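Q: Could you walk me through this protein chain, slowly enough for someone in a first year?
A: Gladly; have a look at it here, and then ask whatever comes to mind.

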Amino acid sequence: MHETSAGGLVIDGIDGPKGAQVAALIGRVDRRGRMLWSLPKGHIEQGETAEQTAIREVAEETGIQGSVLAALGSIDYWFVTEGRRVHKTVHHYLMRFLDGELSDEDVEVTEVAWVPLVELPARLAYADERRLAEVAGELIDKLHSDGPEALPPLPHSAPRRRPQTHSHTRNRRPDQSPQPPPGRRANGCGQGP
């Protein structure tokens with residue numbers, strides 16, 4: 001199963017000195033009770049481009065409006081949920097803060113915070129997102145030295161044509177359990193006994 005999401009690193013004060021720039025992060029409590037800080041993101045819905053999803057998800061998860069300036073890069077990884085192996089790709093964008101106030105109204109978010117840009121490496125929970133923060137710093141330097149036209153053009157992103165099957169959504173009755181294909185074990189690792 002494949003899933004595609006998009007999100008953004010929204011910077012307030014992006015045109016000012018680096019020491020005054022802050023980024024909007026979301027916090028979620030993991031199973032061990034630790035607060036994990038990350039970039040806002042979510043599934044690309046039917047009819048949306050990745051950029052539109054990033055803008056919508058930032059607004060939903062943080063309460064703030066942003067505009068896309070440049071692509072930061074994509075992260076992809078595998079995980080298993082409900083007995084299915086999922087390959088997930090998340091497209092991230094550098095975004096300029098436009099309006100709004102931070103809010104943790106979204107049920108998927110425990111906390112939201114403005115974090116100084118210089119503190120992102122220590123605050124972000126995931127190494128891949130820390131690398132994206134480094135890319136953002138380089139793009140902001142380029143923006144300051146050479147202007148917005150020096151930022152790389154956004155990659156082409158076509159609107160999603162069909163709905164995604166989210167890992168938590170199934171098209172089966174609740175009393176049905178998934179069956180592996182013939183000759184495959186339930187964990188997807190080849191022939192069973």
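A: Before any surface value, note that accessible areas here come from the Shrake-Rupley method with a 1.4 Å probe. Please also keep in mind that this is a predicted model.

Q: OK, how much area does the protein chain expose, and what share do carbon and sulfur atoms supply?
A: The exposed area of the protein chain is about 11,100 Å², and 50% of it is supplied by carbon and sulfur atoms.

Q: And what percentage of the residues count as buried?
A: The protein chain has 193 residues, of which 40% count as buried.

Q: How many helices and strands are there, and what pattern do they follow?
A: There are three helices and seven strands, and along the sequence they come in the pattern β-β-β-β-α-β-β-β-α-α.

Q: Which residues have the most contacts inside the largest nonpolar core?
A: That core has 24 residues, and those with the most contacts inside it are Leu9, Ile11, Ile14, Leu25, Leu72, Leu94 and Leu120. The elements giving two or more residues to this core are β1 (2-12), β2 (22-29), β5 (64-81), β7 (111-116) and α3 (127-146), with α3 providing the largest share, six residues. Apart from it lies another core, of eleven residues, including Ala6, Ala24, Val68 and Tyr93.

Q: What is Ile11 in contact with, beyond its sequence neighbours?
A: Once neighbours within four places in sequence are left aside, the contacts of Ile11 include Val22, Leu94, Phe97, Leu117 and Ile140.

Q: Switching to helix α1, why does its span agree with what is expected?
A: Helix α1 covers residues 50-62, and because 13 residues at 1.5 Å a residue should span 18 Å, the distance of 18 Å between its end C-alpha atoms agrees.

Q: Which residues of α1 are buried, and where around the axis do they sit?
A: The buried ones are Ala50, Glu51, Thr53, Ala54, Glu57, Val58, Glu61 and Thr62. They cover an arc of only 155° around the axis, which means that they are on the same side of α1. In general, an α-helix has 3.6 residues a turn, so residues three or four places apart point the same way.

Q: What covers them?
A: The cover over the buried residues of α1 includes β1, β2, β4 (41-43), β5, β6 (84-100) and β7.

Q: And what does Gly63 do just after α1?
A: Gly63, just after α1, takes a positive phi of about 85°.

How values were computed: Residues numbered from 1 in each chain as written. Predicted model: local features only at pLDDT ≥ 70, side-chain atom pairs only at ≥ 80, totals over all residues. Heavy atoms only, no water. Core = buried A, V, L, I, M, F, W, Y, C linked by side-chain atoms within 4.5 Å. Buried < 20%, exposed > 50% of the residue type's maximum accessible area, 1.4 Å probe, protein only. Helix = DSSP H or I, 4+ residues; strand = E, 2+ residues; numbered from the N terminus. Contact = heavy atoms within 4.5 Å. Expected span 1.5 Å × (residues − 1). Arc of directions from axis to C-beta.
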